[in-house]
Amino acid sequence: MSLLPFHERYNLVEVPENYDNQNPDFVVMRDEHDKCYLCDKSDAEVLKGLNFTEV
């Protein structure tokens, strides 16, 4: 298991909820604290298992 902080492990970048994502390789995900993050699409399923939802 990685010892990196969670946000570094999944390379999450905080963005506003209305962020206009133009890159099909990334998705905007919201965590349980209503913060939104831009993340790699390949990590989306893992993040959904960690209480994230796709925006």
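A residue counts as buried when its relative accessible area is under 20%. The exercises below use a predicted model.

**Exercise 1. Lay out the fold.**
Task: State how many helices and strands the chain has, and in what order they run.

Solution:
- Step 1. Count the elements. The chain has two helices and four strands.
- Step 2. Read from the N terminus. The order is α-β-β-β-α-β.
- Step 3. Add the long-range contacts. Take the contacts in the chain with a separation of 6 or more: 32% of them join residues 24 or more positions apart.

**Exercise 2. Assemble the sheet.**
Task: Give the strand order of the sheet, then find which strands stand at the edges.

Solution:
- Step 1. Order the strands. The four form an open sheet, 1-3-2-4, with antiparallel pairing.
- Step 2. Look for strands with a single partner. These are strand 1 (13-15) and strand 4 (53-54), so each has one side without a neighbour in the sheet.
- Step 3. Check one pairing. Strands 2 and 4 run antiparallel and are joined by two bridges.
- Step 4. Name a bridge. Met29 has Glu54 of strand 4 as its bridge partner.

**Exercise 3. Find the aromatic pair.**
Task: Identify the aromatic pair, classify its geometry and say which parts of the chain it ties together.

Solution:
- Step 1. Count. There is one aromatic pair in the structure.
- Step 2. Identify the partners. They are Tyr37 and Phe52, with ring centres 6.2 Å apart.
- Step 3. Classify. The planes meet at 55°, and the pair is tilted. The edge-to-face class would need over 60 degrees.
- Step 4. Place the residues. Tyr37 sits in strand 3 and Phe52 in the loop between helix 2 (44-48) and strand 4, so the pair links parts 15 residues apart in sequence.
- Step 5. Test burial. Tyr37 and Phe52 are both buried.

**Exercise 4. Examine Asp31.**
Task: Locate Asp31, decide whether it is buried or exposed, and list its contacts beyond four places in sequence.

Solution:
- Step 1. Locate. Asp31 is in the loop that connects strand 2 (26-30) with strand 3 (36-40).
- Step 2. Test burial and charge pairing. Asp31 is buried and has no salt bridge.
- Step 3. Find the nearest opposite charge. That side chain is Lys35, 6.2 Å away. A salt bridge requires a nitrogen and a carboxyl oxygen within 4 Å.
- Step 4. List the contacts. Leaving out residues up to four places away, Asp31 touches Tyr37, Asn51 and Phe52. Tyr37 and Phe52 are the aromatic pair of Exercise 3.

**Exercise 5. Account for the surface.**
Task: Give the buried share of the chain and the exposed area.

Solution:
- Step 1. Burial. Of 55 residues, 29% are buried.
- Step 2. Area. The chain exposes about 4000 Å², and 49% of that comes from carbon and sulfur atoms.

How values were computed:
Residues are numbered from 1 along each chain as its sequence is written. This is a predicted model: local features need pLDDT of at least 70, side-chain atom pairs count only at pLDDT 80 or more; totals for chains, interfaces and linings use all residues. Side-chain values use heavy atoms; hydrogens and water are left out. Buried means under 20% relative accessible area, exposed over 50%, partly exposed in between (1.4 Å probe, protein chains only). Contact means heavy atoms within 4.5 Å. Accessible areas come from the Shrake-Rupley method with a 1.4 Å probe; for residues, only the protein chains shown count as cover. Lys and Arg count as positive and Asp and Glu as negative; His and the chain ends are not counted. Two strands pair if DSSP finds at least two bridges between them. Rings of Phe, Tyr and Trp (its six-membered ring) pair if their centres lie within 6.5 Å; planes under 30 degrees apart count as stacked, over 60 as edge-to-face and the rest as tilted.
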